[in-house]
Every structure is written in C-alpha cells, then in structure tokens.
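Thank you all for making time this morning. I would like to walk you through one structure, slowly enough that anyone who has not met it before can follow along on the screen.

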Amino acid sequence: MDWTTGAQILVEALVYEGVDTIFGYPGGAVLHIYDELWRARDCITHYLVRHEQGAVHMAEGYARSTGRVGVVLVTSGPGATNAVTGIANAYLDSTPLVVITGQVPKHLIGTDAFQEVDTVGITRPCVKHNYLVRDARDLAGVVREAFHLARSGRPGPVVIDIPKDVTAARANHSRLDHVGFPFSTKRPALDQKAVERALAAIMSAQRPVVYAGGGIANSGADQPLRLFAEALRLPVAPTLMGLGGFPSSHPLCLGMLGMHGTYAANMAVAECDLLIALGVRFDDRVTGKLATFAPHARVIHVDIDPANIGKNVAPSLALAADVKQALQEFISLVQQHGEEQLRQSIDSRESWWNRIRGWQRSQPLRFSGSPSQIKPQSVIQELHRLTKGNAIITTDVGQHQMWVAQFYPFTKTRQLITSGGLGTMGFGLPAAIGAQLACRDQLVVAVVGDGGFQMTNQELATAVQYELPVKIVIMNNGYLGMVRQWQEMFYDRTYSEVDISVAPDFVKLAEAYGAAGFRAAKPDELHHALAAALNHKGVAVIDVAVSKEENVFPIVPAGANARDMIVQ
Amino acid sequence: MRHTLSIIVADQPGELSRIVGLFSARGFNIQTISVGETLDPRWSRVTIVTRGDDRTIQQIVKQCERLARVREVQDVTTRPHIEREMALITVAADAGTARQEVLSLVSGFRAKVVDISHTHLIVEASGNKEKVDTFIELLRPIGITDITRTGHIAINRLAAGDIVSEEEDEDEYLLRQGR
C-alpha cells in the first residue's frame with residue numbers, strides 16, 4: 001500500500017489542477033509543503049516574493065492577465081495576515097485565486113500558539129469560501145473544489161488553511177465525498193423570455209447606454225459586446241474594471257463612466273431612457289448618489305452573481321447569467337430581425353447620438369500643458385505613444401490610476417490590471433510582476449504613484465531575481481495626490497498629512513536593487529527617459545517629476561451625480 | 001416587515017459563523033436565530049427571524065445562497081407556515097395568591113410548570129411569538145426574575161394547509177380574547 005504525506009497529496013493535487021506557478025513565502029507551518037515543492041520543482045515553479053501581500057498581488061496580476069487561477073502559498077500567523085489585503089482585493093475585483101496558508105498543528109489550535117491566528121475567521125468575509133483541513137485524506141477533494149469555486153460563477157479567492165501536522169500525516173487514500181461534492185451547479189439558466197423582452201426594450205429605446213464592467217473580461221464577452229453594440233449602434237460606457245472590454249478608440253465608446261469618467265459618459269447615463277448594465281455591480285464610484293442615478297432610465301441588469309441584481313439598483317429587467325452567453329443570445333435574436341427593422345431602430349436614435357456628440361465636443365478630456373513642468377496626463381499619453389497602445393498596464397490607486405484610465409486608450413481585455421474595488425495602494429508593482437511572468441513576450445508597465453510604490457517596492461528584488469523585465473513609471477509629485485486633491489477641493493486646502501516629499505532617490509533605489517533607474521524632471525526629458533526605460537532589457541524604474549498640484553478632472557463629488565460634475 | 005428564513009446549511013464547523021458574519025457584515029438584522037439537525041444529519045436548519053423591506057429580504061436570501069455550503073434558503077413567511085418559540089420563565093411566586101395567579105395563567109396558556117421552590121416557579125411556554133409575548137407580559141407584574149427564549153423555528157404547512165391543529169386554534173382564540 002502506498003502511503004503518502006499530506007504535503008505530497010497537496011502538491012500532487014495542485015499539479016493535477018494544472019498549476020505550474022506559485023507565489024509564496026515560506027515559514028514554520030509550511031515547511032513540509034516547501035520540502036515537497038522542492039521535489040516537484042520540475043512541475044511547479046515557486047516564486048519567492050519579499051512580502052506576502054506582494055505574493056497575492058502577483059497572483060492577481062497572473063490571474064487577471066490570463067484568466068487562470070492564481071496560486072499563493074504562505075505560512076501561518078503573520079504570513080496569513082499579510083496576505084489578507086491581497087485576498088480582499090481579489091474578492092472585490094472578482095479575481096480567481098487559491099491561497100494556501102499554513103496553520104499551527106491541530107493540537108495547538110486555540111492555544112494562542114506561536115504564529116497562530118484564526119485565518120479562516122479573519123478571511124471569512126473576503127473569500128468565496130475557505131477551509132480548515134483537519135484530515136490529510138480531505139486535501140485532494142478540498143483542492144479540487146477550491147479551484148472549482150475560485151473560477152466558477154463570479155470568480156474570487158478561496159483560502160485553504162492547513163495545519164502543519166496534516167501536511168505531515170500519512171494517508172493511503174483520499175476521500176472526495178465530503179459535503180459539497182459533487183459541486184453544486186447553481187449556475188443560473190438563461191431565461192429566454194427575459195432575453196426577448198430585454199432585446200425588445202433595447203431595440204425600441206430612444207436613448208440607450210451600455211454600462212459595461214469587469215464581467216466582460218471575466219466571461220470573455222468583449223467580441224460579443226462589440227458585435228452587439230455595432231449591430232444596433234449603441235453607445236458604450238465602460239467602468240474602470242470594464243476598460244478594454246470595449247475598445248476605447250471605438251467610435252461607439254464614450255469613455256469611462258463614474259467619478260472620474262468622461263463628461264459624455266456621465267451625461268449619457270444621466271439622460272438615458274434605458275441603461276443596459278452588463279457584468280457590473282452598480283458600485284458607488286459609478287453611481288454616486290443612488291436616488292438620482294440614471295433618473296429617467298429603465299434598467300436591464302445582466303450579471304452572473306444573482307446577489308448583485310437588485311443590491312444597489314432595482315432593475316426593471318434582470319438576467320442572472322453569464323454576460324457572454326446573454327450577449328450571444330441578444331446577437332442571435334438581432335440577426336433574426338430584418339434589415340429594415342434594424343435600420344429603423346438605429347435611425348430612431350440619431351438625435352440621441354447628436355446630443356452625445358455635443359457633450360463629447362463641448363467637454364472632451366483635456367489638460368493644460370506647461371513648458372516648465374511635466375504634466376502627469378502627458379506622461380500617460382507619451383507612454384501610450386511609445387508602447388503603441390499595446391502594453392499591459394498595471395496601476396496603484398489614486399490620481400495616476402485615473403489618468404491612466406482617461407489617457408491610455410485600452411483596446412483589449414486584460415490589458416489594464418488595476419485595483420478597482422478595494423483601492424489598494426501598492427498593487428501596481430507586484431501585479432505587474434505576476435502579469436509579466438504570465439505574458440513573457442509582452443511589455444508590462446506598472447504606473448504607480450510615489451506613495452503606493454513605497455508600499456511594495458521591496459518586490460523590485462523579486463523582479464530582478466527572476467529577470468522579469470517590468471517597467472515602473474513613478475508619477476512623482478511628492479504628495480498623496482488624490483487625498484491632496486480632495487483636501488484642496490473639499491477641505492479648504494488644508495493639506496493634512498499628505499506631503500511625502502521626503503523620499504528616497506528612486507533612481508538610486510532601483511540601482512540598489514540591481515534594476516536600472518531613469519529620471520525625467522523637465523518636459524523635454526520625458527520622451528527620451530521614458531523611451532530609454534522602456535527599451536531597457538531588464539527591470540527599469542523611471543522617476544518622473546510631475547507637476548505637484550495637478551487635479552483629476554472631471555470629478556463627480558462623492559454622493560453626488562453627473563449634474564454636479566466639476567469639469568475643470 | 002418580519003420574515004422568517006429557513007436556511008439549510010452543511011453541518012460543518014464554522015458554517016454558522018459564516019451566516020451570522022454575513023448578516024453583521026452587510027448590516028442585516030437578526031431578531032432570533034436557532035439551529036438544529038435536519039432529517040439528514042449532514043445538514044442543519046438555521047431559522048432566522050429578521051426584519052426588512054422586500055428588497056432587503058431578497059438581498060439576504062441571495063447573499064446566503066452565495067455561501068458554498070448553503071443548500072437552500074427559504075423565506076417561510078411567503079407561504080402558510082407554523083411558527084413556534086419556547087420560553088422558560090422564572091417567576092417569583094410564593095405560596096400565596098401570586099402562585100395561584102401564575103397557575104391560572106399557566107393553564108390558560110397551556111403552559112407547564114417545570115420546577116417549583118418555596119419562592120419561585122419555572123414555567124415553560126411555547127407557541128407563536130404573540131402568544132409567548134402575551135404570556136410574558138401577563139406574568140411580568142407578578143415578578144419575573146429570569147427568562148430564556150429559544151428563538152423561532154418554523155415550518156411550512158402541508159398542501160392542505162387550511163387544517164389547523166387544536167393548539168393553533170387555542171392560540172388564536174386566546175389572542176382574540178385579548179388575553
């Protein structure tokens with residue numbers, strides 16, 4: 001009889017799931033697992049990070065650039081708590097992850113043992129599901145179900161907490177018959193009647209807008225969305241998470257919706273008579289004040305997560321379904337219409353498009369240039385030119401993130417990897433490393449602020465160690481820029497604790513890590529410095545000194561609506 | 001409006017706290033909660049009495065349904081159902097008129113005396129919320145020193161749900177009498 005250890009079962013189960021990449025950081029509780037991983041290094045490559053938060057963000061970058069499940073391995077106690085920010089981030093942005101955490105041996109659980117923390121309790125509110133595995137015989141089944149849960153329906157993180165003795169215990173068989181097996185298939189079926197009614201409403205709408213979110217990328221619905229919008233000439237306003245789900249350069253695209261969205265997108269939603277919400281959750285950064293959001297509109301809401309439907313906005317028509325499947329149904333129904341009918345439907349919206357074009361002309365995204373200072377928006381435009389619009393861009397959170405969203409026209413899904421829901425500073429660099437690892441032949445650029453960069457810059461060592469040639473553009477204004485902007489606009493310019501101008505020399509810091517450092521301080525240096533950094537073979541950091549008190553416009557103040565938008 | 005939700009969840013460690021945690025994290029209200037085994041011991045039934053408008057209740061149901069180990073969530077309130085709660089009440093009642101008063105209430109409410117001392121009685125009452133509430137209110141002036149209530153359990157009526165039990169008649173009768 002072949003007796004194997006829990007650690008062996010775990011690693012074999014991971015290999016069985018097709019895992020070839022793990023981001024992690026060892027510690028006492030996971031020693032058996034690391035021992036086994038060493039033996040399995042031909043099948044699974046482990047990437048040693050410098051902080052557990054970095055491991056989770058890397059796994060997110062890996063998952064979001066490919067659609068595969070990202071895998072993380074950390075130890076108990078502080079290993080697990082350091083990972084929590086990343087887990088919460090993945091939960092809010094619907095990113096499929098399996099995070100394996102070590103735990104103290106079973107007999108020490110509950111004794112406040114060294115490096116003990118109630119990982120299952122701490123992570124419970126920010127995971128799709130989590131496990132405390134008490135028996136090595138359950139490991140294979142748990143891993144199988146964890147991967148299924150992470151990637152099915154609305155994707156998200158799953159945590160597997162494994163006591164050290166379980167990884168050492170020997171088992172001669174695995175059981176797959178615990179409750180939950182076979183997997184519950186709660187996948188909602190498409191309601192054909194609702195699809196027909198939705199399409200009828202869309203065909204007859206005079207002022208429709210498509211509000212497209214992260215669900216487009218997660219379900220791979222970008223092509224169907226494009227076909228559908230083109231067939232009926234529907235205006236499309238993507239969310240931050242939806243950027244790239246519909247090409248920003250497309251004539252039907254109104255630009256991003258929401259707090260820092262375009263004037264045209266926000267006005268179109270404010271004036272529309274039908275809001276077609278696809279793969280979205282009516283986040284407050286999109287809706288502002290709910291009571292006056294899209295006040296004239298009937299709402300059609302398509303989302304894979306039934307709990308998203310009616311959570312913030314009660315739709316008049318709901319489809320709890322995969323958005324790709326729903327769009328394909330819409331398209332096949334559209335194709336059954338005669339050319340004359342389609343023409344009529346499209347023509348009836350001519351005056352709507354005229355109004356939209358008017359908004360676009362009157363209030364385009366704009367900024368004023370400067371001969372002496374580098375404008376942050378121009379950095380993004382230059383980056384777009386130099387990368388020909390093809391780079392994978394990751395960001396931190398704040399002003400630079402919004403400028404990326406506004407001034408880098410994304411044309412493909414999975415091209416922008418940003419922390420949308422949780423708003424995690426420090427996400428950009430590790431996410432870029434994970435994306436670079438998954439997409440070796442692509443240019444991956446992390447656009448970060450000087451604040452966020454300093455939260456995770458230790459991962460430069462990881463990038464250098466594994467020769468993952470990410471480029472990091474630091475939009476350096478010496479401030480926590482977005483907070484400063486709010487203090488300027490809403491707190492009488494009281495700049496309370498936002499000055500971070502005491503910072504390391506980022507060029508020297510890069511060099512200290514073994515990466516290349518570049519600097520641009522004046523407008524005429526930007527092009528060359530950026531080009532040199534992007535052309536550098538290895539990891540490159542470019543420190544761009546941008547104008548210090550630039551604001552992101554337009555802005556819809558929190559709790560307000562499109563009509564309260566401040567455009568300049 | 002008050003709703004009674006019946007949640008069938010795997011009988012595994014931590015599953016109850018997932019449900020309770022969901023309620024507190026999303027700001028839903030729990031008035032009573034009770035948990036017990038179902039016919040199949042691998043599954044527990046959690047009965048939660050909560051309050052909210054239709055949209056809130058719908059959200060609660062959907063959020064609970066997202067939990068991986070929740071098999072089924074039912075709003076029992078939407079169909080004819082029977083609800084019961086049990087209370088154990090310690091009443092200060094020595095051998096005088098107070099004790100007589102308690103005993104007459106006990107018989108009127110089909111409650112039971114389950115423990116007796118020189119100075120106190122423990123009585124057990126069960127029924128729907130209104131009945132138990134009323135019983136407690138009537139005992140209060142006599143002198144309640146402790147109460148423990150189970151929280152509600154509920155079950156939907158059979159298809160021929162217009163046949164009511166003797167006790168249900170009794171409860172409704174008492175309420176009509178304004179007792």
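I will begin with the sheet in chain A, and then turn to the place where chain B touches chain A.

Please keep in mind throughout that what you see is a predicted model. In chain A there is an open sheet of six strands, and if you read across it, the order is β3-β2-β4-β5-β7-β6, with parallel pairing. The strands at the edges are β3, residues 45-48, and β6, residues 129-132, each of which pairs on one side only. As you move from one strand to the next, the twist averages 20°.

Let me stay for a moment with edge strand β3 of chain A, whose pairing with β2, residues 21-25, is parallel and runs over four bridges. If you would like a particular pair to look for, find A:F23, whose bridge partner in β3(A) is A:Y47.

Towards the other edge, helix α6 of chain A, residues 139-151, packs on the sheet, where it touches β5 (97-103), β6 and β7 (157-163) of that chain. The direction of α6(A) makes about 160° with that of β7(A).

Now to the second chain: how many residues of chain B are in contact with chain A? There are 15, and they meet 13 residues of chain A. On the chain B side, the elements that give two or more residues are α1 (15-25) and α2 (54-66), and the largest share, six residues, comes from α2(B). Sorted by class, this side of chain B has three nonpolar, six polar and six charged residues.

Technical notes
Residues are numbered from 1 along each chain as its sequence is written. Chains are lettered from A and ligands numbered from 1 in the order in which they are written. This is a predicted model: local features need pLDDT of at least 70, side-chain atom pairs count only at pLDDT 80 or more; totals for chains, interfaces and linings use all residues. Two strands pair if DSSP finds at least two bridges between them. Axes are lines fitted to C-alpha atoms, for helices over the stretch in contact, and angles run from 0 to 180 degrees between N-to-C directions. Two residues are in contact if their C-beta atoms, placed from the backbone, lie within 7 Å. Ala, Val, Leu, Ile, Met, Phe, Trp, Tyr, Cys and Pro count as nonpolar, Asp, Glu, Lys and Arg as charged, and the others, Gly among them, as polar.
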